[in-house]
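Trainee: I would like to learn how to read the packing, the empty spaces and the backbone of a model like this one. Where should we begin?

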Amino acid sequence: MTTSPQYPVHDLAGIGFGPSNVALAIALEEWRAAPDRPDLSAVFHERQEGFGWHRGMLLEDATMQVSFLKDLVTTRNPASDFSFLNYLHGVGRLHDFINHKTLFPLRSEFHDYLAWCAGRLSDRVRYGSEVTGVEPVRDAAGRVWAVDVVAREAGGAEHRTRARNLVVAPGLEPRMPEGVPMGERVWHNEYLLHRLEALGEGAAPASFAVVGAGQSAAEVADHLYRRFPGAQVHAVFSRYGYSPSDDSPFANRIFDPEAVEAFYTSPEAVKDDILGYHRNTNYSVVDPDLIDALYRASYQDRVLGTERLVLHNLSRVSAVEEGADGVSLTLDHLPTGKQVPLNADYAVFATGYRPVDPRRLLGPLAGHAVLDERGRPAVGRDYRLATDDEVTCGIYLQGGTEHTHGISSTLLSNIAVRTGEILESLSARTPEAA
């Protein structure tokens with residue numbers, strides 16, 4: 001092997017330090033705490049200056065859509081002191097939460113829990129470190145036995161982390177409709193609170209357009225409706241109304257670890273069917289209580305003759321033009337084909353997210369990835385990217401695996417179990433840990 005003395009070789013380098021890699025860092029911490037196990041050294045890179053998880057949507061009364069028991073550790077190690085319950089105990093709210101009789105904490109509270117976990121692992125992460133490339137490190141036979149993660153710090157300095165294994169957790173990126181760029185008055189909901197804060201405390205917009213039919217769109221419409229009592233909120237979606245999410249016990253089994261195994265081993269046609277059958281557990285659906293609240297607001301408006309919440313159903317945005325004083329949208333009314341103009345001070349697109357393609361970060365290594373017949377990365381059951389024989393180091397994916405591991409791949413539901421499986425695979429491939 002060819003090693004460079006200025007680069008100590010770590011067992012693992014991680015790209016991103018969101019919930020997935022925080023959970024992996026916890027699993028590493030607990031793995032090395034067990035007797036007779038060698039330390040596995042790890043370094044994580046995070047481009048943010050500190051931990052943050054969808055801060056722009058931390059609406060003050062928004063709750064989680066997933067049970068607190070699906071935190072970063074409990075389903076892998078119920079005795080872990082990194083659990084949400086231990087966090088509550090540490091901040092003095094355990095009994096208050098018990099009395100609250102809910103499985104679904106406030107989103108802001110769960111964010112504080114995640115930050116609490118990340119803060120306990122600060123020695124493992126380089127914040128303000130944006131990864132600019134991944135370079136292969138070859139042995140004398142030309143095989144890639146390690147990688148150099150090249151990153152740039154806020155001040156411009158470049159540094160490298162060499163590791164035998166790489167875990168890529170690039171997260172999600174906002175998705176805007178084709179041809180609609182974000183601007184001063186055209187936002188994605190990911191940045192909602194940041195954009196509203198930039199307007200100033202005394203701002204009083206007269207109108208908003210909110211495009212989308214899912215949970216985030218409904219939350220944005222509800223928040224703007226209540227926060228700006230003088231504003232009209234136009235909700236635009238192609239359905240007849242908001243559709244309720246399927247949160248029933250049997251349907252929720254799609255998020256269980258056993259469902260990952262069943263999905264992974266299914267034929268491609270069955271995988272397509274499963275994703276289609278259960279889209280209403282997660283995609284373009286809304287919590288029924290929020291649907292009821294929005295309907296009450298709409299009905300109350302009609303009774304009072306104010307009509308502040310205006311629903312443009314069966315409509316699709318076909319054009320957006322941002323001006324100095326507002327946004328002009330053209331809506332296609334789907335039943336009639338008529339075009340309807342809609343003007344608003346600001347437009348918020350709650351049009352979802354897309355997984356970041358990990359191959360964008362892999363540089364020359366991306367050419368060694370094995371693809372399936374649809375051109376997607378082939379991924380092992382242990383979340384290891386399949387590569388040709390020239391690559392012997394491990395490249396693991398946390399995200400971008402919905403096509404192989406199912407609907408929970410981008411959600412919190414299986415983070416704890418998934419990171420345990422990755423660690424088991426990684427440690428088995430590390431000679432010192434065998």
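Mentor: Let us begin with the core, where the term needs care: a nonpolar core is a set of buried Ala, Val, Leu, Ile, Met, Phe, Trp, Tyr and Cys residues joined through side-chain atoms within 4.5 Å, and buried means under 20% relative accessible area. Please keep in mind throughout that this is a predicted model.

Trainee: How many residues does the largest nonpolar core have, and which of them have the most contacts inside it?

Mentor: The largest nonpolar core has 41 residues, and those with the most contacts inside it are Val22, Phe44, Leu72 and Tyr113. At least two residues of this core come from each of the helices H1 (19–33), H2 (84–91), H4 (107–119) and H12 (415–428), and the same holds for strand E3 (42–46). Helix H1 gives the largest share of this core, with eight residues.

Trainee: Which residues form one aromatic cluster?

Mentor: The general idea is that a pair of aromatic rings is described by the distance of the centres and the angle of the planes. In this structure the count comes to 17 aromatic pairs when ring centres within 6.5 Å are taken as paired. One aromatic cluster is formed by Phe68, Phe82, Phe84, Tyr87, Phe97, Phe110, Tyr113 and Trp116, and Tyr113 is also among the core residues with the most contacts.

Trainee: Which residue lies over the face of Phe82, and at what distance from the ring centre?

Mentor: That residue is Arg120, placed over the face of Phe82 at 3.9 Å from the ring centre. A lysine case can be read in the same way, with Lys271 lying over the face of Tyr264 at 5.6 Å from the ring centre.

Trainee: Let us turn to empty space. Which residues line the largest cavity?

Mentor: As a general idea, rolling a probe the size of a water molecule over the atoms shows where empty space is left. Here there is one cavity of 30 Å³ or more, and about 30 Å³ of space lies in the largest cavity. Its lining is made up of Pro257, Val260, Arg381, Tyr383, Asn414, Val417, Arg418 and Glu421. Helix H7 (257–264) and helix H12 are the elements that give two or more residues to this lining, and the largest share, three residues, comes from H12. By class, the lining of the largest cavity has four nonpolar, one polar and three charged residues.

Trainee: How much space lies in the second largest pocket, and which residues lie nearest its centre?

Mentor: The second largest pocket holds about 330 Å³ of space. Of the 16 residues that line this pocket, Leu294, Tyr295, Ser298, Leu311 and Asn313 lie nearest its centre. Helix H9 (288–304) and strand E13 (309–312) each supply at least two residues of the lining, and H9 gives the most, with seven residues. The lining of the second largest pocket divides into 10 nonpolar, three polar and three charged residues.

Trainee: What is phi of Lys101, and is Lys101 buried or exposed?

Mentor: In general, most residues other than glycine have a negative phi. Lys101 has a positive phi, near 55 degrees, and its place is in the loop between helix H3 (94–100) and helix H4. Lys101 counts as exposed because its relative accessibility is 77%, the cut-off for exposed being over 50%. Leu314 also has a positive phi, near 50 degrees, and is placed in the loop between strand E13 and strand E14 (315–322). At 21% relative accessibility, Leu314 counts as partly exposed.

Trainee: Where is the place of Gly406, and why does Gly406 count as buried?

Mentor: Gly406 is in the loop between helix H11 (402–405) and helix H12, and Gly406 is buried because its relative accessible area is 3%. For a case within a helix, take Val220, which is in helix H6 (residues 215–227) and counts as buried at 0% relative accessibility. The C-alpha atoms of Val220 and Asn189, which are 31 residues apart along the chain, are separated by 7.3 Å.

Trainee: What accessibility does His278 have, by comparison with the cut-offs?

Mentor: His278, in the loop between helix H8 (268–277) and helix H9, is partly exposed, with a relative accessible area of 24%.

Technical notes:
Residues are numbered from 1 along each chain as its sequence is written. This is a predicted model: local features need pLDDT of at least 70, side-chain atom pairs count only at pLDDT 80 or more; totals for chains, interfaces and linings use all residues. Side-chain values use heavy atoms; hydrogens and water are left out. On a 1 Å grid over the protein atoms alone, a cavity is a set of points where a 1.4 Å probe fits but cannot get out, and a pocket is an open set with protein on both sides within 12 Å along at least five of seven lines; lining residues have an atom within 4 Å of a point. Grid points are joined across faces, edges and corners, and a volume is the space filled by probe spheres set on the points. Helices (H or I, at least four residues) and strands (E, at least two) are DSSP runs, numbered from the N terminus. Ala, Val, Leu, Ile, Met, Phe, Trp, Tyr, Cys and Pro count as nonpolar, Asp, Glu, Lys and Arg as charged, and the others, Gly among them, as polar. Rings of Phe, Tyr and Trp (its six-membered ring) pair if their centres lie within 6.5 Å; planes under 30 degrees apart count as stacked, over 60 as edge-to-face and the rest as tilted. A charge sits over a ring if NZ of Lys or CZ of Arg is within 6 Å of the ring centre and within 35 degrees of the ring normal. Buried means under 20% relative accessible area, exposed over 50%, partly exposed in between (1.4 Å probe, protein chains only).
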